[in-house]
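I set out below what I looked up in this structure, entry by entry. The strands come first, then single residues, then the pocket.

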Amino acid sequence: MAKRNNEHISIQDALKEFVETNRLEKGLNKVNVADAWVKLMGNGVNNYTTTVNLERDTLFVQLSSSVLREELSYGKQKIIDMLNEELGKNIIKKLVLR
């Protein structure tokens, strides 16, 4: 059983410590990246998005429209920068559109 801390800490700090001790950071990053994609891309792109997967530092996005995939490929770096800014961390280094 874990040792009980007698000091008072905020819920934010307690959750952060829990995530770090149980190594849940990668899983949370995957969920946060998918949410950020939905938020930043809007309905037009989300209607054609089938999957969003984060593996290591590469984001794989599968699109059902080849025309949209071509359009988004011109602004890959801007999309990466926007997503990293939304997440508050430099998680994504490469974007692969399928």
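**Entry 1. Terms and basis.** I take two strands as paired if DSSP finds at least two bridges between them. Helices (H or I, at least four residues) and strands (E, at least two) are DSSP runs, numbered from the N terminus. I note that this is a predicted model, in which local features need pLDDT of at least 70 and side-chain atom pairs count only at pLDDT 80 or more, while totals for chains, interfaces and linings use all residues. Residues are numbered from 1 along each chain as its sequence is written, and side-chain values use heavy atoms, with hydrogens and water left out.

**Entry 2. The pairing of β1 and β2.** I looked up how the strands β1 and β2 run, and found them antiparallel, joined by six bridges. Within this pair, Glu55 stands opposite Thr58 of β2, and Asn53 has Phe60 of β2 as its bridge partner. Strand β2 spans residues 58–63, and five of its six residues are buried, where buried means under 20% relative accessible area, exposed over 50%, and partly exposed in between (1.4 Å probe, protein chains only).

**Entry 3. The turn of the hairpin.** Two residues lie between the strands of the β1 and β2 hairpin. I examined Arg56, which lies in the loop between β1 and β2. Its phi is near 55°, a positive value in a residue other than glycine. For context, most residues other than glycine have a negative phi. Is Arg56 buried or exposed? I record Arg56 as exposed, because its relative accessible area is 82%.

**Entry 4. The pairing of β2 and β3.** Strand β3 covers residues 94–97 and pairs with β2 in the parallel sense, over four bridges. I found Thr58 opposite Lys94 of β3, and Leu59 opposite Leu95 of β3. The side chains alternate along β3: Leu95 and Leu97 point to one face and are buried, whereas Lys94 and Val96 point to the other and are not.

**Entry 5. Thr58.** This residue of strand β2 appeared in both pairings, opposite Glu55 and opposite Lys94. Thr58 counts as buried because its relative accessibility is 13%. I then looked up its contacts (heavy atoms within 4.5 Å). Not counting residues up to four places away in sequence, Thr58 touches Asn53, Lys94 and Val96. Its side chain also makes a polar contact of 3.5 Å with the side chain of Asp57. A polar contact is a pair of N or O atoms within 3.5 Å; within protein, one must be able to donate a hydrogen and the other to accept it, and residues adjacent in sequence count only if both atoms are side-chain atoms.

**Entry 6. Thr49.** I turned next to Thr49, found in strand β1 (residues 49–55). Thr49 is buried because its relative accessible area is 17%. Which backbone oxygen does the side chain of Thr49 reach? That of Val45, at 2.9 Å. Not counting residues up to four places away in sequence, Thr49 touches Trp37, Val61, Gln62 and Leu63.

**Entry 7. Two separations.** Ala34 has its place in helix α2, and I list Ala34 as partly exposed because its relative accessible area is 23%. Ala34 and Val52 are 18 residues apart in sequence and 5.9 Å apart in space, C-alpha to C-alpha. Phe18 lies in helix α1 (residues 11–21) and is partly exposed, at 47% relative accessibility. Phe18 and Thr58 are 40 residues apart in sequence and 26 Å apart in space, C-alpha to C-alpha.

**Entry 8. The largest pocket.** A pocket is an open set of points on a 1 Å grid over the protein atoms alone, where a 1.4 Å probe fits, with protein on both sides within 12 Å along at least five of seven lines; lining residues have an atom within 4 Å of a point. Grid points are joined across faces, edges and corners, and the volume is the space filled by probe spheres set on the points. I read about 160 Å³ of space in the largest pocket. Its lining consists of Lys26, Asn29, Lys30, Leu54, Arg56 and Ile91. Helix α2 (residues 25–46) gives the largest share, three residues. By class I record two nonpolar, one polar and three charged residues, with Ala, Val, Leu, Ile, Met, Phe, Trp, Tyr, Cys and Pro counted as nonpolar, Asp, Glu, Lys and Arg as charged, and the others, Gly among them, as polar.
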